[in-house]
Amino acid sequence: MDIFEAINSRRSIRKYKNTEISKANLEQILNAACMAPSSKNTQPWYFVAVRDESEKSYILGIMQQVAAQMKAPLEEYFKEHPDVAAQTLSFIKGLGAASVYVLVFSQKPYDESSESALTQSIAAAVQNLCLAASGLGLGTCWMRAPINVGFAQTFKDRYAKNKGQMLAMLTLGVPDEAPKAPKRKDDRYKII
Ligand SMILES: Cc1cc2nc3c(=O)[nH]c(=O)nc-3n(C[C@H](O)[C@H](O)[C@H](O)COP(=O)(O)O)c2cc1C
């Protein structure tokens, strides 16, 4: 697939088909993530791709708690659009039946002086992952929800004890929806 097609067709996917992703595809996607640029070539990311059903169930258990904590604030935020709050909560609880969850950590704990550079490097790797998946016709949803409500340490203790902090979580799978792109805002660049 042409790179612009992969970029433009990438959407956050919150509903997946019950179709496995091959290990070869998963490795291709993770290797693409690791090809991202990084500050001082530190390659400061660490990905844990979870395919194992019992581990996925454990994570869904955590996501029930995430949803419970997010229910009231989401309902308040989307009070004009209760359907959006309900859909968001339903995705958080079931992760859209994605076949793989990818947990994103830093290799080492950050020190304050390098935090921004390392975060930018890891975000570049996550975007590579999303675009590589898109190029293969697969969907992702980049998420911060479990971190935002305080579950980063729970994930780190189980999956990446000796690494740094958890920065994101992604769902990955064969899309079972084709959402329209949310409208992009004007005035987001200038050329001089
Ligand atoms: C850092 C970051 C955190 C996000 N966290 C969540 C999340 O917790 N839950 C969710 O459903 N989507 C999450 N998203 C996805 C955004 O909602 C989505 O990218 C945005 O609405 C634009 O839609 P698009 O990805 O289809 O272009 C996150 C995206 C980013 C980059």
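**View 1. What packs against the buried residues of helix α4 (residues 82-94).** Among the elements covering them, by contact (heavy atoms within 4.5 Å), are α3 (53-77), β3 (139-143), α6 (145-148) and β4. Helices here are DSSP runs of H or I with at least four residues, strands are E runs of at least two, and both are numbered from the N terminus. This is a predicted model, where local features need pLDDT of at least 70 and side-chain atom pairs count only at pLDDT 80 or more, while totals for chains, interfaces and linings use all residues. Numbering starts from 1 along each chain as its sequence is written, and side-chain values use heavy atoms, with hydrogens and water left out.

**View 2. One side of α4 faces inwards.** A85, L89, F91 and I92 are the buried ones (under 20% relative accessible area; exposed is over 50%, partly exposed in between, with a 1.4 Å probe and protein chains only). They take up an arc of only 160° around the axis, so they sit on the same side of α4; the arc is taken from the directions from the helix axis to the C-beta atoms. In general, an α-helix has 3.6 residues a turn, so residues three or four places apart point the same way. Just after α4 comes L95, with a positive phi near 50°.

**View 3. Strand β2 (residues 100-106), covered on both faces.** Seven of its seven residues are buried, so β2 is largely enclosed by the rest of the structure. V100, V102, V104 and S106 line one side, and Y101, L103 and F105 the other. Strands pair if DSSP finds at least two bridges between them: β2 runs antiparallel to β1 (residues 45-50) with six bridges, and pairs antiparallel with β4 (residues 166-173) over six bridges. For landmarks, look for A49 opposite V102 and L103 opposite M169.

**View 4. Two aromatic pairs.** Rings of Phe, Tyr and Trp (its six-membered ring) pair if their centres lie within 6.5 Å; planes under 30 degrees apart are stacked, over 60 edge-to-face, the rest tilted. Y58 and Y159 have ring centres 6.4 Å apart and planes at 70°, so they're edge-to-face. This pair links α3 to α7 (residues 152-159), 101 residues apart in the chain. Y77 and F78, with centres 5.0 Å apart and planes at 85°, are edge-to-face too.

**View 5. Lysines over tyrosine rings.** A charge counts as over a ring if NZ of Lys or CZ of Arg is within 6 Å of the ring centre and within 35 degrees of the ring normal. K56 has its charged end over Y101, 5.4 Å from the ring centre. K163 lies over the face of Y46, at 4.4 Å from the ring centre.

Definitions and conventions
The expected span of a helix is 1.5 Å times one less than its number of residues.
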